[in-house]
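Visitor: Can you walk me through this model? I'd like the helix packing, then the ligand site.

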Amino acid sequence: MKQAITLAELRSWVTATRARGERIGLVPTMGFLHEGHLALIRQARSDAEIDRVVVSIFVNPLQFGPREDYHTYPRDPERDRELVREAGADLLFTPAVEEMYPPGFATRVEVQGKLTTVLCGRSRPGHFQGVATVITKLFNLVGPDSAYFGLKDAQQVAVIQRLVADLNFPVRIKVHPTVREPDGLAMSSRNTYLSPEERKAATVLYRALCSAQSLAHSGERRISELEEHLRRIIRTEPRARLDYAEILSWPDLEAAECLEPGKIYLMAVAAYLGRTRLIDNLLLEVHP
Ligand code: AMP
């Protein structure tokens with residue numbers, strides 16, 4: 001496996017790879033890798049439409065708010081490098097911040113409207129602008145044929161699909177289901193912030209989602225009732241402080257009153273466990 005740190009190193013690898021007619025898959029990450037990230041890399045590796053896999057590790061300052069955890073975000077470059085190599089990537093791209101955002105950098109890419117103003121967009125203003133900007137840069141730099149994202153960050157998937165359609169990026173977006181711990185907690189680099197008590201309490205998010213899903217499958221179609229059910233369960237956990245629990249149409253993220261059979265909805269929750277903000281979601285589909 002090769003590693004590129006500068007844009008020049010990345011460009012020369014990409015140019016040589018393209019010259020051989022090889023198709024490139026890109027897995028963008030912020031590092032501190034876990035099984036969720038590795039599942040994306042393996043998906044890219046085994047994708048018959050792809051010849052070479054690029055993994056990027058870049059903690060993108062643009063997508064963190066001023067009071068968020070940019071400076072304390074966990075980092076372990078040596079361990080990550082080994083994991084990326086074992087998972088079968090061909091190139092690891094680990095640029096410095098100054099390489100991605102040199103002095104004078106002044107451009108932002110913004111997906112407007114509902115997709116970026118509901119859910120995490122409301123709690124984290126500017127977050128999706130930071131995501132859209134860095135993903136645009138990575139797509140321009142790597143020119144991937146396919147790019148791989150986790151459904152764990154479902155709103156990010158919806159935003160990126162819009163971005164790709166609107167700006168005509170010639171890239172296929174491939175989505176991997178959320179990888180979970182045995183007790184249901186969605187894997188996240190931020191889980192490492194949790195104390196043992198918070199870690200136990202954090203399972204309330206997935207329990208709430210599963211319970212609301214059962215309620216919907218047993219016939220409850222009123223979205224306000226299902227949302228209230230989610231909130232009630234999260235409130236049973238004294239260590240959890242609810243940010244949001246909402247059910248919106250997927251992938252447009254529009255509000256609705258009732259679940260309609262045949263349509264897909266996103267049940268999304270966010271809560272603070274101590275100072276750590278965790279998100280989780282399930283896609284919900286009801287049958288006639
Ligand atoms: P991050 O490093 O948190 O920015 O995540 C990089 C990519 O890995 C994103 O596409 C995430 O959605 C994906 N990802 C993170 N956690 C998980 C998980 N538990 N299951 C599946 N994909 C994940």
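Guide: Terms before values. Axes are lines fitted to C-alpha atoms, for helices over the stretch in contact, and angles run from 0 to 180 degrees between N-to-C directions. Helices (H or I, at least four residues) and strands (E, at least two) are DSSP runs, numbered from the N terminus. This is a predicted model: local features need pLDDT of at least 70, side-chain atom pairs count only at pLDDT 80 or more, and totals for chains, interfaces and linings use all residues. Residues are numbered from 1 along each chain as its sequence is written, and side-chain values use heavy atoms, leaving out hydrogens and water.

Visitor: At what angle do α10 and α11 pack?

Guide: About 150°, with the axes 9 Å apart. α10 covers residues 204-217 and α11 covers residues 223-235. Angles over 145 degrees count as roughly antiparallel, so α10 and α11 are roughly antiparallel to each other.

Visitor: Now the ligand. How many residues surround it?

Guide: 16, counting a residue if one of its heavy atoms lies within 4 Å. Met30, His37, Asp153, Val179 and Met187 are the closest.

Visitor: Which atom of the ligand pairs with the side chain of His37?

Guide: An oxygen atom, 2.8 Å from an N or O atom of that side chain. A ligand oxygen atom is also 2.9 Å from a polar backbone atom of Met30. At Met187, a backbone N or O atom lies 2.9 Å from a ligand nitrogen atom.

Visitor: How much of the ligand does the protein bury?

Guide: 93% of the 480 Å² that the ligand exposes taken alone (Shrake-Rupley method, 1.4 Å probe).

Visitor: Which element gives the most to the shell?

Guide: α2, with 3 residues.

Notes
A polar contact is a pair of N or O atoms within 3.5 Å; within protein, one must be able to donate a hydrogen and the other to accept it, and residues adjacent in sequence count only if both atoms are side-chain atoms. Angles under 35 degrees count as roughly parallel, over 145 as roughly antiparallel, 65 to 115 as roughly perpendicular and the rest as oblique.
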